[in-house]
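Me: Please take a close look at one part of this predicted model: the shell around the second ligand. Then work outward from there to whatever helps me place it in the fold.

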Amino acid sequence: MNIDNVAAKIRALAKEKNAVILAHNYQLGEIQDIADFVGDSLELSQKAAATGSKLIVFCGVHFMAETAAIIAPGSRVLLPDAHAGCLMADMITVAGLRRMKEQLPGRPVVCYVNSTAEVKAESDICCTSANAVKVVESVPNPEVIFVPDQYLGYYVQQQTKKRIHFWPGYCPTHARILPEHILELKADHPNAKAMVHPECRPEVAAIADAVLSTGGMIRYAKNPAYNEFIVGTEMGIIHRLRKENPGKKFYPVSEQAVCPNMKLITLEKVLYSLETEEPQVKVPELVAEKARLAIERMLEVKG
Ligand code: 13P
Ligand code: SF4
């Protein structure tokens, strides 16, 4: 079957089953094109919370589908490839977080959504890259524990007077982006604005024009004053940036900035998942109950 046929079958079956297809900005272009909604982690969790659909096909990685399952308990959430994990999420364990809490009593835990449901359940409030500064500011305590992304933590530390205690996790895909990648592209395209994700190394964030979530990049690129962009994040976002901004130029910082897990989701797997309504992402209710509190607290942070 060719790509167009598979895509048409997916759309027809999604309509028949009243399913909603959500896709992250890093998904393959053909997946983004068949989705009902494409967005960043925060936007996708807001969509999952608001959807009335009983069936959500989540084209992203495991922690994202888990978050949807937690906040939309009445929906069956499918992840078309059950092995689509997140290397950063796997860098922290519940036991490790408990040890850190014992060493730093009285500091609330702010947990980046790129984490397992169990780690969220041990945390006070979640955040995404889009709202991390606001979430940390919303906590009344002067010190917080921030897990698992040290680079997002460093970025937040520069925007707040609160003291942040970091967990040493990171995203291997974003860690491959180096200052020289940005500097070389800046030399070739002096008018281009460099936008990078806060999961990048601090020395990369320091030389960027803007540090943004993937959703923030999509909005920033629409600024009519700017026509050329250096893009410091996973390659998948280039598809949407070019599609929504014909005539503007986007230069990916590194062909190495690919998240292998995001690329596990293919059209064929989405179709199979819709047909079989598997693999379902389930979270044990006791864990989900606690994790839901941390996610809901985040969703209540305004702004
Ligand atoms: P966003 O929430 O900015 O889309 O980031 C998600 C992610 O996994 C980045 O690696
Ligand atoms: Fe996880 Fe990095 Fe992939 Fe994002 S890009 S899902 S943080 S491994």
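Reply: The shell around ligand 2 has seven nonpolar, three polar and two charged residues. The nonpolar ones are Val61, Cys86, Leu87, Met88, Cys171, Cys259 and Met262. Asn114, Thr173 and Asn261 are the polar ones. The charged pair is Glu199 and Glu234. Domain 1 (3-87 + 262-282) and domain 3 (173-252) each supply at least three residues to this shell.

How far can you trust this? The model is predicted. The protein chain averages a pLDDT of 97, and 100% of its residues score at least 70. The ipTM is 0.98 and the pTM is 0.96.

Now bring in ligand 1. Asn114, Cys171 and Glu199 surround ligand 2 and also appear around ligand 1. Other residues around ligand 1 include Asn25, Asp40, Ser41, Thr128, Ser129, Ala130 and His197. Ser213 and Thr214 are there too. By class, the ligand 1 shell has two nonpolar, eight polar and two charged residues. For ligand 2, those numbers are seven, three and two.

Next, the domains. Domain 1 comes in two pieces, 3-87 and 262-282. Domain 2 also has two pieces, 92-171 and 286-300. Domain 3 covers 173-252.

Take domains 1 and 2. Their C-alpha centres lie 26 Å apart. Each of the two gives 14 residues to the contact between them. On the domain 1 side, helix H3 (41-50) and helix H4 (62-71) each give two or more residues. That side has eight nonpolar, four polar and two charged residues.

H4 deserves its own look. How does H4 meet helix H15 (residues 285-300)? Their axes come within 9 Å and cross at roughly 95°. An angle of 65 to 115 degrees counts as roughly perpendicular, so H4 is roughly perpendicular to H15. From H4, the contact uses Thr67, Ile70 and Ile71. From H15, it uses Ala288, Ala291, Arg292 and Ile295. Five of these residues are nonpolar, one is polar and one is charged. Thr67 is the polar one and Arg292 the charged one.

Last, some backbone details. In the loop between helix H14 (267-276) and H15 sits proline 279. The peptide bond from glutamate 278 to proline 279 is cis, with omega near -15°. Another cis peptide bond joins valine 147 and proline 148. There, omega is about -15°. Proline 148 lies in the loop between strand S7 (143-147) and helix H8 (150-157). Asparagine 18 is not a glycine, yet its phi is positive, about 55°. Asparagine 18 lies between helix H1 (3-17) and strand S1 (19-24), in a loop.

Back to where we started. The ligand 2 shell draws on domains 1 and 3 for at least three residues each, and Asn114, Cys171 and Glu199 link its list to that of ligand 1.

Technical notes: Residues numbered from 1 in each chain as written. Chains lettered and ligands numbered in written order. Predicted model: local features only at pLDDT ≥ 70, side-chain atom pairs only at ≥ 80, totals over all residues. Near = placed C-beta within 6 Å. pLDDT = per-residue confidence, 0-100. Domains from an automatic or database assignment. Contact = placed C-beta atoms within 7 Å. Helix = DSSP H or I, 4+ residues; strand = E, 2+ residues; numbered from the N terminus. Axes fitted to C-alpha atoms, helices over the stretch in contact; angles between N-to-C directions. Parallel < 35°, antiparallel > 145°, perpendicular 65-115°, else oblique.
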